[in-house]
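Hi,

Here is the structure I promised to pass on. Have a look at it first, and then read my notes below.

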Amino acid sequence: ASAAPPHSSVKADTEITKSTEGWKKNRLVEVVQAYIDRIQEVNPFVNAVVKDRFAAALQEAAQVDKLIEEETGGEEVLEDRLPLLGVPLSVKESYALQGMPFTTGLVSRRGIVATVDAPPVALLKRAGAIPLGVTNTSELCMWYESHNHIYGITNNPYDLERIPGGSSGGEGSILGAAGSVIGVGSDIGGSIRMPCFFNGIFGHKTTPGVVSCENQYPPFSGRQEEYLSSGPMCRYAEDLLPMLKIMAGPRVNMLSLNTKVDLKKLRFFTIPHDGGSPLITPVSKELVDIQRKVAERLEADLGVKVQEVHFPELHYSFQIWDTYMVLPDKEGKPPQTFAELMGEPGRPAWPLWELLKWMIGKSDHTLAAIGKGCSNTDFQSIKEKLQKEVDELLGADGVFLYPSHPRVAPKHHHPLLRPFDFSYTGIINMLGLPVTQCPLGVGEEGLPLGVQVVAGKLQDHLTLAVALHLEKTFGGWKDPGAN
């Protein structure tokens with residue numbers, strides 16, 4: 001069916017700030033139960049949550065209710081100490097969440113259960129968030145459709161025949177379907193931003209090195225730590241900042257998250273496309289138009305000038321991404337190859353053999369993973385030139401708009417025909433910049449529109465402030481059941 005899941009019965013007023021205010025009106029057991037009911041209502045359609053912990057979540061919510069009743073210092077004391085107290089959380093299955101599966105969709109890891117929490121998950125739990133379960137990913141997190149041979153395929157809540165993106169596609173899908181309030185994703189080529197774009201929600205790819213990426217699978221190797229980011233995903237822009245403050249943990253002071261941003265004093269730019277790479281689908285008219293509307297609204301609302309700029313080096317976005325993903329670390333050790341990861345815990349997979357097996361239905365791997373295993377021209381000098389130009393353009397007060405993807409959410413399996421379209425997000429990873437993905441309503445097919453808002457390194461507070469403004473002007477998340 002291409003119909004979206006049932007209309008959301010979880011009211012849009014259960015975002016973080018209002019769910020903590022809900023102490024006065026609702027017991028948290030009721031809030032958590034409402035989200036459990038919603039997941040049970042939509043998950044048969046979207047297949048986003050692959051393992052739940054509903055019984056444990058209800059028990060934890062009951063303990064929170066008891067804590068609130070017994071708190072003598074007033075609710076403010078609790079709110080200060082536990083800012084996410086009782087807030088329902090979903091977690092990407094590639095993050096360790098104690099007691100939950102930790103396979104990243106790899107058949108040879110079936111049965112592996114996390115014994116610890118990944119640092120960002122531990123920090124969110126310590127702030128009071130209650131995990132409801134883990135969500136689907138692409139095989140080994142290296143594809144933009146969330147499909148694997150353990151959990152199957154995840155659907156987009158706006159149209160079940162469309163992809164939710166990847167690799168954090170289960171997160172994007174369940175958040176877009178109002179089955180969770182907040183979630184965590186990781187991003188080395190757009191794995192937070194594509195799912196947020198396709199499912200009409202907010203997401204933030206943090207400046208690398210701020211939020212810990214430990215206890216994720218696969219682990220980073222080579223120089224990948226320089227491009228990999230963990231970050232928050234949610235329906236409401238105002239939840240990004242408090243989440244990021246918590247997820248950054250001891251490194252929060254690397255960012256200026258308490259600095260008040262005056263949008264009228266920022267310098268704004270728009271880059272409408274990559275210059276027309278032959279590998280990548282041209283940006284659709286619908287997305288070109290909405291990005292132009294964003295620029296016009298910023299000019300009208302803030303009295304700023306949004307300057308259009310072009311970088312010829314963006315033409316090579318995929319080649320830059322592909323080159324940098326395989327660079328050796330400082331000791332000269334190359335990263336673990338995708339074929340080696342596919343073969344874990346045994347010998348590396350032989351991609352051509354796996355392709356032959358796939359053709360007769362005998363491979364444990366998805367076609368996307370086999371293709372990645374098969375896949376490298378010196379593009380380092382082109383990237384260094386682009387890095388210098390972009391860093392000079394942005395400085396500490398610049399922001400640019402860039403398409404999130406060349407088109408709205410594609411139909412299932414269509415990414416196999418356009419494998420390089422993720423380059424619109426992937427190039428930002430290689431530049432090491434913070435990005436907030438912002439929803440901009442729905443387009444002519446009833447599918448979410450959006451844009452990337454990018455700032456200079458460690459200037460995450462700027463893109464988060466712009467996201468809040470765009471939510472007010474374009475309406476933010478739209479209930480998929482309301483179309």
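A quick definition before the findings: a residue is called buried when its relative accessible area is under 20%, exposed when that area is over 50%, and partly exposed in between. Keep in mind as well that this is a predicted model.

Let's begin with the aromatic rings. How many aromatic pairs does a search of the whole structure find? The search turns up 10 of them. One is formed by W143 and Y144, a tilted pair with 5.3 Å from centre to centre and 40 degrees between the planes. Both of these residues, W143 and Y144, are buried.

Another pair to look at is W321 with F422. Their ring centres are 4.8 Å apart and the planes stand at 75 degrees, so this pair is edge-to-face. W321 has a relative accessibility of 5%, so it counts as buried. F422 is buried too, because its relative accessible area is 10%, and the cut-off is under 20%. The two also belong to a cluster: ring pairs link F318, W321, F420 and F422.

That brings us to the helices, since W321 and F318 are also part of a helix contact. In general, two packed helices are described by the angle between their axes and the distance between the axes. I picked out three contacts.

The one with W321 in it involves helix 10 (residues 317-325) and helix 15 (residues 423-431), whose axes come within 9 Å and cross at roughly 50 degrees. Helix 10 and helix 15 are therefore oblique to each other, and helix 10 passes helix 15 in a left-handed crossing. On the helix 10 side the contact is made by S317, F318, I320, W321, Y324 and M325, and on the helix 15 side by S423, G426, I427 and M430. Sorted by class, the residues of this contact are seven nonpolar, three polar and no charged.

Next come helix 5 (residues 119-126) and helix 8 (residues 240-247). Their axes come within 8 Å and cross at roughly 115 degrees, which means that helix 5 is roughly perpendicular to helix 8. The crossing of helix 5 and helix 8 is right-handed. Here P120, L123 and L124 of helix 5 meet M243, I246 and M247 of helix 8. Which classes of residue does the contact of helix 5 with helix 8 have? There are six nonpolar residues, no polar ones and no charged ones.

The third contact is between helix 9 (residues 285-302) and helix 16 (residues 460-474), where the axes come within 11 Å and cross at roughly 100 degrees. That makes helix 9 roughly perpendicular to helix 16. Helix 9 brings I290, K293, V294, R297, L298, D301 and L302 to the contact, while helix 16 brings H469, L470, T473 and F474. By class, the contact of helix 9 with helix 16 has six nonpolar, two polar and three charged residues.

Now for some backbone details in the loops. Where would you look for cis peptide bonds? One joins G166 and S167, with omega at about 5 degrees. S167 sits in the loop between strand 5 (152-153) and helix 6 (169-176). Another cis peptide bond joins Y217 and P218, with omega at about 0 degrees, and P218 is in the loop between strand 7 (202-205) and strand 8 (229-234).

The loop between strand 7 and strand 8 also holds N215. Phi of N215 is near 55 degrees, a positive value in a residue other than glycine. N215 is partly exposed, with a relative accessible area of 35%. T104 has a positive phi as well, about 50 degrees, although it is not a glycine. You'll find T104 in the loop between strand 2 (88-92) and helix 5. Is T104 buried or exposed? At 0% relative accessibility, T104 counts as buried.

One last residue to click on is C196, which lies in helix 7 (residues 193-198). C196 is buried, with a relative accessible area of 1%. Leaving aside neighbours within four places in sequence, C196 is in contact with I201, F202, G203, M233 and Q437. The C-alpha atoms of C196 and I68 are separated by 33 Å, and the two residues are 128 residues apart along the chain.

Cheers

Methods: Residues are numbered from 1 along each chain as its sequence is written. This is a predicted model: local features need pLDDT of at least 70, side-chain atom pairs count only at pLDDT 80 or more; totals for chains, interfaces and linings use all residues. Side-chain values use heavy atoms; hydrogens and water are left out. Axes are lines fitted to C-alpha atoms, for helices over the stretch in contact, and angles run from 0 to 180 degrees between N-to-C directions. Helices (H or I, at least four residues) and strands (E, at least two) are DSSP runs, numbered from the N terminus. Angles under 35 degrees count as roughly parallel, over 145 as roughly antiparallel, 65 to 115 as roughly perpendicular and the rest as oblique. A crossing is left-handed if the near helix is turned anticlockwise from the far one by less than a right angle, and right-handed if clockwise. Contact means heavy atoms within 4.5 Å. Ala, Val, Leu, Ile, Met, Phe, Trp, Tyr, Cys and Pro count as nonpolar, Asp, Glu, Lys and Arg as charged, and the others, Gly among them, as polar. Rings of Phe, Tyr and Trp (its six-membered ring) pair if their centres lie within 6.5 Å; planes under 30 degrees apart count as stacked, over 60 as edge-to-face and the rest as tilted. Buried means under 20% relative accessible area, exposed over 50%, partly exposed in between (1.4 Å probe, protein chains only).
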